[in-house]
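Biologist: I am new to this structure and would like a close look at one part of it, the salt bridges. Please set them in the context of the whole chain before going into detail.

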Amino acid sequence: MPRAIYPGSFDPITYGHIDIVQRARKIFDELIVAVVTNPSKQTLFSLKERRKLCEQALKEEGIPVQVITWEGLVIECAKRYRAQAIIRGLRANSDFEREFQMALTNRDLNGDIESVFFMTSGEYSFLSSSIVKEIKSFGGDVSRFVPPSVERALERKLQKT
């Protein structure tokens with residue numbers, strides 16, 4: 001039974017992320033969404049908040065997946081949850097170089113776990129959590145980019161800051 005981990009900071013989860021989840025679910029018997037810490041990124045939402053947002057958004061979309069949090073190396077998360085693959089999304093050339101480097105490093109750390117890449121759907125090729133936060137911070141409409149629960153959470157969070 002092939003199992004995969006889809007890690008990300010998901011700050012916040014977008015329809016681009018959800019598209020990858022839906023497509024990966026067609027290939028893997030089990031998919032675990034891992035909300036992870038990334039020391040090189042400053043996040044708007046806490047790890048706990050990001051997990052809750054992912055759970056709500058995926059539930060709204062009718063996608064039954066387990067959502068976990070993880071602090072540490074993603075390859076160790078995959079090993080801990082007995083995953084055979086790590087799912088990654090690619091939007092553009094700029095993503096490829098970093099993802100290629102991570103995949104090779106993960107292979108060196110554990111050759112039993114494969115990296116599987118999904119090209120983003122064209123409609124989401126420009127979309128990132130950072131863009132969504134920026135649009136919303138200036139009062140823009142992000143309803144085309146995130147589920148309603150995420151939009152409401154962004155609105156509440158940005159009103160506080």
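Modeller: What follows goes from the whole chain to the salt bridges and then to one residue in a loop.

This is a predicted model, in which local features need pLDDT of at least 70 and side-chain atom pairs count only at pLDDT 80 or more, while totals for chains, interfaces and linings use all residues. Residues are numbered from 1 along each chain as its sequence is written, and side-chain values use heavy atoms, with hydrogens and water left out.

The chain has six helices and five strands; helices (H or I, at least four residues) and strands (E, at least two) are DSSP runs numbered from the N terminus. Their order along the sequence is β-α-β-α-β-α-β-α-β-α-α. The radius of gyration is 15 Å, close to the 15 Å that the globule rule gives for 161 residues, so the chain is as compact as a globular protein of that length. That radius is taken over C-alpha atoms, and the rule is 2.2 Å times the number of residues to the power 0.38. Along its principal axes, the C-alpha trace spans about 45 × 30 × 30 Å.

Of the 161 residues, 45% count as buried. Buried means under 20% relative accessible area, exposed over 50%, and partly exposed in between (1.4 Å probe, protein chains only). Among contacts with a separation of 6 or more, 75% come from residues 24 or more positions apart; a contact means heavy atoms within 4.5 Å.

Now to the charged side chains. Side chains of opposite charge can pair when their charged atoms come close. The structure holds nine salt bridges, each defined as a side-chain nitrogen of Lys or Arg within 4 Å of a carboxyl oxygen of Asp or Glu.

One of them joins Asp19 and Arg23, with 2.9 Å from N to O. Both residues lie in helix α1 (residues 15-27), four residues apart, which separates them by about one helical turn. Asp19 is buried at 11% relative accessibility, whereas Arg23 is partly exposed at 24%.

Another salt bridge pairs Glu49 with Lys157, their closest N and O atoms being 3.1 Å apart. Glu49 belongs to helix α2 (residues 47-60) and Lys157 to helix α6 (residues 148-160), so this pair ties together parts that are 108 residues apart in sequence. Glu49 is partly exposed, with 31% relative accessibility.

Lys136 and Glu155 also meet through their side chains, at 3.2 Å from N to O. This pair links distant parts of the chain, with Lys136 in helix α5 (residues 129-137) and Glu155 in helix α6, 19 residues apart. Lys136 is buried, at 11% relative accessible area, while Glu155 is partly exposed at 40%. Salt bridges with shared partners join Lys136, Glu151 and Glu155 into one network.

Finally, Ile13 sits in the loop between β1 (3-8) and α1. Ile13 is buried, with a relative accessible area of 1%. Leaving out residues up to four places away in sequence, Ile13 touches Ile18, Leu53, Cys54, Ala57, Leu58, Val146, Pro147 and Val150. Ile13 and Arg25 are 12 residues apart in sequence, and their C-alpha atoms are 17 Å apart in space.
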